[in-house]
Structure formats: structure tokens, C-alpha cells
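Student: I'd like to go through this model with you, one question at a time. Could you help me reason from each residue to its surroundings?

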Amino acid sequence: MPEESMNIYKTARRAAGITQEAAAEQLGISVESVRAYETGQRIPPNDVVEQMVICYNAQRLAFQHLHETNALAARVIPDIQPRTLMESAVRLYNRLNHFSSSHSVERLLEIAEDGRIDEQERAEFDAIVAELKALVQCGMELRFCEHGD
């Protein structure tokens, strides 16, 4: 089974090299619960996922869990792609450099100065917000990058 289509909880456990039995013991739950989470029969509660993140040393699992199980989180938190440390750092640098060189901060402050966004400013404001969303996404990708620890 390809890793991408595998259950996120199973993928994280296997990447940590932990058996279902050992995971159940470390998480303080039954082996049946681990199996149910890994087969999609049940969704683990947040406190169990928090323990999985610690036990499996899988920071990205917290993000994946929220994104897959909470519609609001999925709408608000940008989707992130698994990237290496180098890819994440370069992407963030390039977007920060572009944001700075395009004087977006200064323009945002000019738009915000009067406390409102008029019709002439709306498109430019929306473009700046889109740039900021891309920066947040890059920052999160860096936070959850694949760096081998």
C-alpha cells in the first residue's frame, strides 16, 4: 500500500518503528483502539493524538489530524505539503524576499491608514493578504518539514 494513502496514525506509528502493541501500552489505550484508529473505524480524540505526537515523535501528525477531522481547521489553516528542510527554507526565503521587495508592507499600511478598505483598494488588499497566506503556509511547512529527527 503506498504511504500516501495509508492512514495517518498508522503511517506515523510505522515511521517511529513502534508495534501496535507497544503503541497501545505507551498511549495507555487498548490494542483494539489502536487498530480502530488505524483502520479508520474510529477517530482518536485529540488527547490521544497529542500522546501519539509525543510517542511517535511525529509533529506533523497533529496538523494532519486537525486538518482531516475538523472542518473549521481545514478552512482556516493552510494546507501544507511535506517538504525537506532545504525546500522549506528556500521557499520561505523567496516569498519573504518577494514580499519585502514589492513593498507590500508599506502598501498595506497605506491602505489601512484610514481604517477602511475602499473599492479601489480591495483588489490590492486581497493580493497582499494572499501573499501573507503563502508566507504562513511556508512557515508551517518549515515547522513540519522532514528534517530527519
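Student: Is R122 buried, partly exposed or exposed?
Tutor: Happy to help, and do keep in mind that this is a predicted model. Buried means under 20% relative accessible area and exposed means over 50%. R122 has a relative accessibility of 37%, so R122 counts as partly exposed.

Student: Which residue does R122 meet in a salt bridge, and how far apart are the two in helix α9?
Tutor: The side chain of R122 pairs with that of D126, at 3.3 Å from N to O. D126 is itself partly exposed, with a relative accessible area of 38%. Because D126 and R122 are four residues apart in helix α9, the separation is about one helical turn.

Student: Which network do salt bridges with shared partners form?
Tutor: Begin with R83 and E141, which form a salt bridge whose closest N and O atoms are 2.7 Å apart. Salt bridges that share partners then give one network, made up of R83, R91 and E141.

Student: Where in the chain do R83 and E141 sit, and how many residues apart are they?
Tutor: R83 is in the loop between α6 and α7, while E141 is in helix α9. This pair therefore links distant parts of the chain, at a separation of 58 residues.

Student: Are R83 and E141 buried or exposed?
Tutor: The cut-off for buried is under 20% relative accessible area. R83 has 18% relative accessibility, so R83 falls under that cut-off. E141 has 1%. That makes R83 buried and E141 likewise buried.

Student: How many salt bridges are there in total, and which parts does the pair E21 and R35 tie together?
Tutor: The count comes to eight salt bridges. In one of them the side chains of E21 and R35 meet at 3.6 Å, N to O. Because E21 lies in helix α2 and R35 in helix α3 (residues 31–38), the pair ties together parts 14 residues apart in sequence: α2 and α3.

Student: How accessible are E21 and R35?
Tutor: Partly exposed covers the range between under 20% and over 50%. E21 has a relative accessible area of 45%, so E21 is partly exposed. R35, also partly exposed, has a relative accessibility of 36%.

Student: Which side chain does Q20 join in a polar contact of 3.1 Å?
Tutor: Q20 is found in helix α2, and at 16% relative accessibility Q20 counts as buried. Leaving aside neighbours within four places in sequence, Q20 touches R13, V31, V34, R35 and E38. The side chain joined to Q20 by the 3.1 Å polar contact is that of R35.

Student: Which helix gives the most to the largest nonpolar core?
Tutor: This core has 15 residues, and those with the most contacts inside it are Y9, L27, M52, Y56 and L61. Helices α1 (8–16), α2 (20–27) and α4 (46–56) each supply at least two of its residues. With six residues, the helix that gives the most is α4.

Student: What is Y56 in contact with, leaving aside its neighbours within four places in sequence?
Tutor: Y56 is one of the core residues with the most contacts inside that core. Its partners beyond those neighbours are Y9, A12, R13, A16, I18, A23, L27 and L61.

Student: How many residues does the other core have?
Tutor: The other core lies apart from that one. Among its residues are L92, I128, L135 and C138, and its size is seven residues.

Student: What do the buried residues of helix α5 pack against?
Tutor: The buried residues of α5 (residues 59–69) are R60, L61, F63, H65 and H67. They pack against α1, α4, α6 (71–76) and α9 (119–143).

Student: How many disulfides are there, and how far from C138 is the nearest cysteine sulfur?
Tutor: A search of the whole structure finds zero disulfides. C138 is buried, with a relative accessible area of 1%. A disulfide needs cysteine sulfur atoms within 2.5 Å, whereas the nearest cysteine sulfur to C138 is that of C145, at 12 Å.

Student: How far apart in space are L85 and C145?
Tutor: L85 lies in helix α7 (residues 85–101) and is partly exposed, with a relative accessible area of 46%. L85 and C145 are 60 residues apart in sequence, yet from C-alpha to C-alpha the distance is 5.5 Å.

Conventions. Residues are numbered from 1 along each chain as its sequence is written. This is a predicted model: local features need pLDDT of at least 70, side-chain atom pairs count only at pLDDT 80 or more; totals for chains, interfaces and linings use all residues. Side-chain values use heavy atoms; hydrogens and water are left out. A nonpolar core is a set of buried Ala, Val, Leu, Ile, Met, Phe, Trp, Tyr and Cys residues joined through side-chain atoms within 4.5 Å. Buried means under 20% relative accessible area, exposed over 50%, partly exposed in between (1.4 Å probe, protein chains only). Contact means heavy atoms within 4.5 Å. A polar contact is a pair of N or O atoms within 3.5 Å; within protein, one must be able to donate a hydrogen and the other to accept it, and residues adjacent in sequence count only if both atoms are side-chain atoms. A salt bridge is a side-chain nitrogen of Lys or Arg within 4 Å of a carboxyl oxygen of Asp or Glu.
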